[in-house]
Amino acid sequence: AGRNAVRVEDVHRLKQDPAYNAPLDCIRELLRRSGLPNDDAAAAQALVEAREHYAGDADFERVYGRPVSAPRGPGLAQNDRLLIPRDLPPLSVPIAVFTGRDEGEARWVVERFRLFDSLEERHLWHNGNGVDKPHPEAFARCLANLGVGPVLYLGDLAADAEMVVRYRALPIQPAPVIFALVGEEGPVELADVHVANATELLRRL
């Protein structure tokens with residue numbers, strides 16, 4: 001838009017609504033609230049440009065499978081505040097990743113951390129193979145494939161909490177779930193466990 005139409009605080013407030021988990025849904029709503037065009041084409045273009053700025057020239061094509069439309073520089077991802085240490089060792093229990101992000105983004109994250117060295121390919125779930133938080137159907141398939149229980153599910157947003165609530169209402173549940181809310185952005189009242197960060201919890205596993 002050529003101006004600071006959206007602030008970080010706006011994004012945090014939006015994420016308090018479990019309906020806004022998928023990136024395209026989020027950016028469409030942010031455009032609408034900013035008084036900008038938000039039809040399918042406008043939202044898709046805005047999402048591409050946001051991702052270019054985030055991933056930067058060096059990583060965008062590797063993550064998203066296409067070259068940047070214009071030079072964007074090194075990428076805002078370099079300034080990310082990591083939520084767990086990169087060298088946190090792999091867990092001795094079966095793990096799955098269940099994220100509403102695209103496959104390329106999901107792989108970009110897991111490859112940065114030793115914790116995910118034990119992650120099997122069939123346990124990487126993203127929005128390309130069914131994830132649609134807060135709807136619980138793909139989550140139930142994920143847990144059935146994992147084949148263990150009870151399952152400790154770590155999430156940090158309202159969409160995670162709402163998905164667990166809906167999962168527990170399903171007539172068939174592959175495994176009992178303990179929901180650990182990480183950080184301060186999700187609804188604490190819906191959590192079984194609430195921790196400021198995940199590092200110590202993961203170390204104890």
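**Sheet, helices and nonpolar cores of the predicted model**

Cys142 is buried, its relative accessible area being 2%. In this predicted model, Cys142 belongs to the buried residues of helix H5 (residues 137-146), which are Ala138, Phe139, Ala140, Cys142, Leu143 and Leu146. An α-helix has 3.6 residues a turn, so residues three or four places apart point the same way. The cover over the buried residues of H5 includes strand S1 (97-98), S2, S3, H6 and S4. A second cysteine, Cys26, has a relative accessibility of 8% and therefore also counts as buried, the cut-off being under 20%. The count of disulfides in the model nevertheless comes to zero.

The segments flanking H5 have backbone features of their own. In the loop between S2 and H5 lies Pro134, which is joined to Lys133 by a cis peptide bond with omega of about 10°. Just after H5, Gly147 adopts a positive phi of about 75°, and a cis peptide bond with omega of about 0° joins Gly149 and Pro150. Pro150 is placed in the loop between H5 and S3.

Strand S3 (residues 151-155) shows an alternation of its side chains, in which Val151, Tyr153 and Gly155 point to one face and are buried, whereas Leu152 and Leu154 point to the other face and are not buried. S3 runs parallel to strand S4 (residues 177-182), to which five bridges join it; within this pairing, Leu152 has Ile178 as its bridge partner in S4. From S3 the chain passes through helix H6 (residues 158-168) to S4, and this β-α-β crossover is right-handed.

S3 and S4 form part of an open sheet of three strands, ordered S3-S4-S5 and paired in parallel. S3 and strand S5 (193-195) are the edge strands, each of which pairs on one side only. Neighbouring strands of the sheet are turned against each other by 25° on average, with direction ignored. Gly155, one of the buried residues of S3, stands opposite Leu181 in S4. H6 packs on the sheet and touches S3 and S4, its direction making about 170° with that of S4.

The largest nonpolar core comprises 21 residues, and those with the most contacts inside it are Phe98, Phe139, Tyr153, Tyr167, Val177 and Phe179. At least two residues of this core are supplied by each of H5, S3, H6 and S4, while the largest share, six residues, comes from H5. Residues up to four places away in sequence being left out, Tyr167 touches Pro136, Phe139, Ala140, Leu143, Gln173, Pro174, Ala175 and Val177. Apart from the largest core lies another, of 16 residues, among them Ala106, Leu115, Phe116 and Leu124.

A further buried position is found outside the helices and strands. His123 is placed in the loop between helix H4 (103-110) and strand S2 (124-125), and its relative accessibility of 3% is the reason that His123 counts as buried. When neighbours within four places in sequence are set aside, the contacts of His123 are Ile95, Ala96, Val97, Asn145 and Leu146. Of these contacts, Leu146 is also one of the buried residues of H5.

Technical notes. Residues are numbered from 1 along each chain as its sequence is written. This is a predicted model: local features need pLDDT of at least 70, side-chain atom pairs count only at pLDDT 80 or more; totals for chains, interfaces and linings use all residues. Side-chain values use heavy atoms; hydrogens and water are left out. Helices (H or I, at least four residues) and strands (E, at least two) are DSSP runs, numbered from the N terminus. Buried means under 20% relative accessible area, exposed over 50%, partly exposed in between (1.4 Å probe, protein chains only). Contact means heavy atoms within 4.5 Å. A disulfide is a pair of cysteine sulfur atoms within 2.5 Å. Two strands pair if DSSP finds at least two bridges between them. A crossover is right-handed if, with the strands pointing away from the viewer, the path from the first strand over the helix to the second runs clockwise. A nonpolar core is a set of buried Ala, Val, Leu, Ile, Met, Phe, Trp, Tyr and Cys residues joined through side-chain atoms within 4.5 Å. Axes are lines fitted to C-alpha atoms, for helices over the stretch in contact, and angles run from 0 to 180 degrees between N-to-C directions.
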